[in-house]
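Please look over the sequence and the model below before reading on. The report that follows takes up the parts of the structure one after another.

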Amino acid sequence: MKLLGAIEAGGTKFVCGIGTEDGNIIDRISFPTLTPEETMGQVLNYFKDKGVEAIGIGSFGPIDPVLGSPTYGYITTTPKPHWGQYNLVGTVAEHFNVPIGFDTDVNGAALGEYTWGAARGLDSCLYITVGTGIGAGAVVGGKLIHGLSHPEMGHILVRRHPEDKYEGFCPYHGDCLEGLAAGPAIGSRWGQPAGELPADHPAWEMEAHYLAHALMNYVLILSPQKIVMGGGVMKQSQLFPLIHKKLQELLNGYVQHPALNEGIGNYVVPPQLGDNAGLAGAIGLAKLALDREQ
């Protein structure tokens, strides 16, 4: 079976791995995300003797994933220092003459869960990560969503919680979903990191409010057959029942489907692939790139 390379390029760390076409990950390593020179030096060194036949990259963004675009393969307007307008695909292509798949990290994770995880066997799914930032990717009709560029579902506007006075931390939009509900927003609003807040803290009811509003929009616009929620914040397991309840309240019976009623617990779920969702997705992107050139 062919060996495929995977790069999950995150704002905090890069995770690299080797896998097979069936999604099996046989090796992995991670590096902190420093400057492009430091980080990519470690990435390239990792793959130099692995004999991979394609490489998939799921990257933090915004990125340009549009084939044929002058800046295809670039990380574009990211606020991450040193990484703006960085040619990620070009750097990898300089060193490895293999097909390279490229997409957002969340589109990659959506592909992973669709192919091998919680949405396997379905026609559509949405993957949302809630951590340092918020992003979402979607598979519809068996294909990842693209258009002018890629979805930026973490920056939608949501109704404010009536008791929330926090201004929001997004440098572009202030109080968009990411600005109000990502990990740094929770920590800034409540004065301590999200992971240190007790399960019965009022932060989680407020967090569920924002995430349920976002999910309502996604359900009404995309009608995905499964919603998978990952990322560091979603490791707070008490969030899932709060989100289920609030999503049902917001929809108010308008969309009639068993998945949104008695089946809600199996509709909005954590990643079946766990922390491997992103890396498995990058394996999937590598496989798509390899298939495209055969």
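## Terms and a buried strand residue

Contact here means that heavy atoms lie within 4.5 Å of each other. The structure is a predicted model, and the statements below should be read with that in mind.

With this meaning of contact, and leaving aside neighbours within four places in sequence, Thr104 is in contact with Gly58, Ser59, Ile63 and His150. Thr104 is found in strand β7, which covers residues 100-104, and its relative accessible area of 6% makes it a buried residue, because buried means under 20% relative accessible area.

## The largest pocket

The largest pocket has a volume of about 1500 Å³. It is lined by 50 residues, of which Gly11, Asp105, Thr129, Thr132 and Gly133 are the closest to its centre.

Several elements contribute to this lining, and at least two residues each are supplied by the strands β2 (13-20), β8 (124-130), β9 (134-140) and β11 (227-230), as well as by the helices α3 (105-116) and α8 (277-292).

## Helix α5 and its surroundings

Helix α5 spans residues 183-190, and its buried residues are Gly183, Ala185, Ile186, Gly187 and Arg189. These buried residues pack against two other helices, namely α4 (177-181) and α6 (202-222). Just after α5 comes Gly191, which takes a positive phi of about 80°.

## Helices α6 and α7

Leu251 lies in helix α7, residues 239-251, and counts as buried at 6% relative accessibility. Apart from neighbours within four places in sequence, Leu251 is in contact with Met216, Val219, Leu220 and Leu260. Among these partners, Leu220 is found in helix α6 and is partly exposed, with a relative accessible area of 42%. Leu220 also joins Ile221 and Tyr254 in making a nonpolar surface patch of about 400 Å². As for distance across the model, the C-alpha atoms of Leu251 and Pro81 are separated by 40 Å, the two residues being 170 apart along the chain.

A salt bridge is formed between the side chains of Glu205 and Lys246, with an N to O distance of 2.7 Å. Because Glu205 lies in helix α6 and Lys246 in helix α7, the pair ties together parts that are 41 residues apart in sequence. Of the two partners, Glu205 counts as partly exposed at 33% relative accessibility, whereas Lys246 is buried, with a relative accessible area of 17%.

## Other salt bridges

Side chains of opposite charge can pair when their charged atoms come close. A search of the whole structure finds 8 salt bridges. One of them joins Arg160 and Asp175, whose closest N and O atoms are 3.4 Å apart. Both residues lie in the loop between β10 (143-144) and α4, so the pair ties together parts that are 15 residues apart in sequence. Arg160 is partly exposed, with a relative accessible area of 32%, and Asp175 is partly exposed as well, with a value of 29%.

Another salt bridge is formed by Lys287 and Asp291, the closest N and O atoms being 3.2 Å apart. Both lie in helix α8, 4 residues apart, which is about one turn of the helix. An α-helix has 3.6 residues a turn, so residues three or four places apart point the same way. Lys287 is partly exposed at 26% relative accessible area, and Asp291 is partly exposed at 35%. Elsewhere, salt bridges that share partners join Arg160, Asp164, Asp175 and Arg189 into one network.

## Backbone features in the loops

Most residues other than glycine have a negative phi, and most peptide bonds are trans. Against this background, a cis peptide bond joins Gly61 and Pro62, with omega about 5°, and Pro62 has its place in the loop between β4 (55-59) and β5 (74-75).

Where are the residues other than glycine with a positive phi, His82 and Asn252? His82 has a phi near 80° and is placed in the loop between β5 and β6 (86-87), where it counts as exposed at 60% relative accessibility. Asn252 has a phi near 55° and is placed in the loop between α7 and β12 (268-269), and it counts as exposed at 67% relative accessibility.

How values were computed: Residues numbered from 1 in each chain as written. Predicted model: local features only at pLDDT ≥ 70, side-chain atom pairs only at ≥ 80, totals over all residues. Heavy atoms only, no water. Buried < 20%, exposed > 50% of the residue type's maximum accessible area, 1.4 Å probe, protein only. Patch = residues over 30% accessible without salt bridge, like charges linked within 9 Å, V, L, I, M, F, W, Y side chains within 5 Å. Areas by Shrake-Rupley, 256 points an atom, 1.4 Å probe, with all protein chains shown as cover. Salt bridge = Lys/Arg side-chain N within 4 Å of Asp/Glu carboxyl O. 1 Å grid on protein atoms, 1.4 Å probe; cavity = no way out; pocket = protein on both sides within 12 Å on 5 of 7 lines; lining within 4 Å. Points joined across faces, edges and corners; volume = space filled by probe spheres on them.
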